[in-house]
Amino acid sequence: MNIFDTHAHLLDEQFDADREQLLVSLPEAGIRHVMEACCDEAGIDRVVELVARVPYFYGSAGVHPHSADEFRPETLEHIRTALTHERMVAIGEIGLDYHYDFSPRDVQRDCFDAQLALSAELRRPIIIHDREAHGDCMDLLRRYRGRLSGVMHCFSASYEIAKECIDLGLFVAFGGALTFKNAVNQWAIASKLPLERLLIETDCPYMTPVPFRGKRNDPSYIVHTLKKLAALRDMDEEELSEILYQNSFRAFGIE
Ligand code: NI
């Protein structure tokens, strides 16, 4: 089976003890590619270093809304430089988080907008984090209509918003939450959206799927999200995984 984990944080300290063993074991578990999502400016060079030494990894560079208050105009130059590496393909994760509000909301919006403008200028895909900020997030995305590509990560909004994201040129990614018992709304959305715009991801070490919920997540657990999606779509797992795998390359503009 071919699997692309389209959102992971292997640089998280929760992997410090066994990161190297995991990096070796993942391809044996069918994980052909992983997108390492960057969260803050200090992470940019670490993602570049990881991607440069692990050939099946791709990476993003960007500032997460949690760290928006550390974003400076020079950060854009740092992102731009990181993206000159051939497997540094996306700007992310960027967006708005009104659940934790770790940075003031106006600062989050400015940080998101500046990185959206950079993605439009460079024609690079984005990885969007939108938590409890759907209205403002969509308002900003609409301003870039016709110039957007990339992924709505860890999708948690409505079917209408998912449709609009697709209309704006984005892919919609589902993670471990799809396997949760109470994810009835997500099941309905994931079974109706056009297959050619769906992705799966882990967001590891977070969002661990059932039956490992409560433990640390890693890319090999993505098969549980794949199984759930295959059941929802009444599809063969292998056939679905191949479609999602091909979608991943299109989402990130990888040849
Ligand atoms: Ni993430």
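**Exercise 1. Burial of G59**

Task: Decide whether G59 is buried or exposed in this predicted model, and find its surroundings.

Solution.
Step 1. The relative accessibility of G59 is 0%. Buried means under 20%, so G59 counts as buried.
Step 2. G59 sits in strand β3, which covers residues 57-61.
Step 3. Setting aside neighbours within four places in sequence, the contacts of G59 are M35, E36, V47, V51, R87, M88, V89 and A90.
Step 4. As a distance check, take the C-alpha atoms of G59 and Q115: they are 16 Å apart in space, with the two positions 56 residues apart in sequence numbering.

**Exercise 2. The nickel site**

Task: Which residues coordinate the nickel ion, and at what distances? Then classify the geometry of the site.

Solution.
Step 1. The nickel ion is coordinated by H7 through NE2, H9 through NE2, E93 through OE and D203 through OD. The distances run from 2.1 to 2.4 Å.
Step 2. Along the chain, these donors follow the spacing H-x1-H-x83-E-x109-D.
Step 3. H9 belongs to the loop between β1 (3-8) and α1 (19-25), while D203 belongs to the loop between β8 (198-200) and α8, so this pair ties together parts that are 194 residues apart in sequence.
Step 4. H9 and D203 are both buried.
Step 5. For the geometry, the ideal angle for four tetrahedral donors is 109.5 degrees. The angles among the four donor atoms of the nickel ion are 84 to 176 degrees. Four donors count as tetrahedral if all angles lie between 85 and 135 degrees. The site of the nickel ion is irregular.

**Exercise 3. Two cis peptide bonds**

Task: What are the omega values of the cis bonds from G92 to E93 and from V210 to P211, and where do E93 and P211 lie?

Solution.
Step 1. Most peptide bonds are trans.
Step 2. The bond from G92 to E93 is cis, with omega near -5 degrees. E93 is part of strand β4, residues 88-97, and E93 is also one of the residues that coordinate the nickel ion.
Step 3. The bond from V210 to P211 is cis, with omega near 15 degrees. P211 is in the loop between β8 and α8.

**Exercise 4. Positive phi angles**

Task: R123 has a positive phi, and E132 has one too. Locate R123 and E132, and give the exposure of R123 and of E132.

Solution.
Step 1. Most residues other than glycine have a negative phi.
Step 2. R123 is not a glycine, yet its phi is about 55 degrees. R123 is in the loop between α4 (105-122) and β5 (126-131), and with a relative accessible area of 70% R123 is exposed.
Step 3. E132 is not a glycine either, and its phi is about 55 degrees. E132 is in the loop between β5 and α5, and with a relative accessible area of 47% E132 is partly exposed.
Step 4. A glycine case is G169, just after α6, with a positive phi of about 105 degrees.

**Exercise 5. The buried side of α6**

Task: Which residues of helix α6 are buried, and what covers them?

Solution.
Step 1. Helix α6 spans residues 159-167, and its buried residues are I161, A162, E164, C165 and I166.
Step 2. An α-helix has 3.6 residues a turn, so residues three or four places apart point the same way.
Step 3. The cover over the buried residues of α6 includes α5 (134-142), β6 (150-152), β7 (170-174) and α7 (184-192).

**Exercise 6. Packing of α8 and α9**

Task: How do helices α8 and α9 pack, and at what angle?

Solution.
Step 1. Two packed helices are described by the angle between their axes and the distance between the axes.
Step 2. For α8 (residues 222-233) and α9 (residues 237-251), the angle is about 110 degrees and the axes are 9 Å apart. That makes α8 roughly perpendicular to α9.
Step 3. On the α8 side, L226, K227, L229 and A230 take part, and they meet E237, L240, S241 and L244 of α9.
Step 4. The contact residues divide into five nonpolar, one polar and two charged.

**Exercise 7. Two loop residues**

Task: Compare the burial of D12 with that of R213.

Solution.
Step 1. D12, in the loop between β1 and α1, has a relative accessible area of 17% and is buried. Beyond its neighbours within four places in sequence, D12 is in contact with R19, P205 and Y206.
Step 2. R213, in the loop between β8 and α8, counts as exposed at 51% relative accessibility. With neighbours within four places in sequence again left aside, R213 is in contact with F180 and T208.

How values were computed
Residues are numbered from 1 along each chain as its sequence is written. This is a predicted model: local features need pLDDT of at least 70, side-chain atom pairs count only at pLDDT 80 or more; totals for chains, interfaces and linings use all residues. Side-chain values use heavy atoms; hydrogens and water are left out. Axes are lines fitted to C-alpha atoms, for helices over the stretch in contact, and angles run from 0 to 180 degrees between N-to-C directions. Helices (H or I, at least four residues) and strands (E, at least two) are DSSP runs, numbered from the N terminus. Angles under 35 degrees count as roughly parallel, over 145 as roughly antiparallel, 65 to 115 as roughly perpendicular and the rest as oblique. Contact means heavy atoms within 4.5 Å. Ala, Val, Leu, Ile, Met, Phe, Trp, Tyr, Cys and Pro count as nonpolar, Asp, Glu, Lys and Arg as charged, and the others, Gly among them, as polar. Donors are N, O and S atoms within 2.8 Å of the metal (3.2 Å for Na, K and Ca); water is not among the atoms, so sites may look incomplete. Four donors count as tetrahedral if all angles lie between 85 and 135 degrees; four count as square planar and six as octahedral if opposite donors are over 155 degrees apart and all others between 65 and 115; anything else is irregular. Buried means under 20% relative accessible area, exposed over 50%, partly exposed in between (1.4 Å probe, protein chains only).
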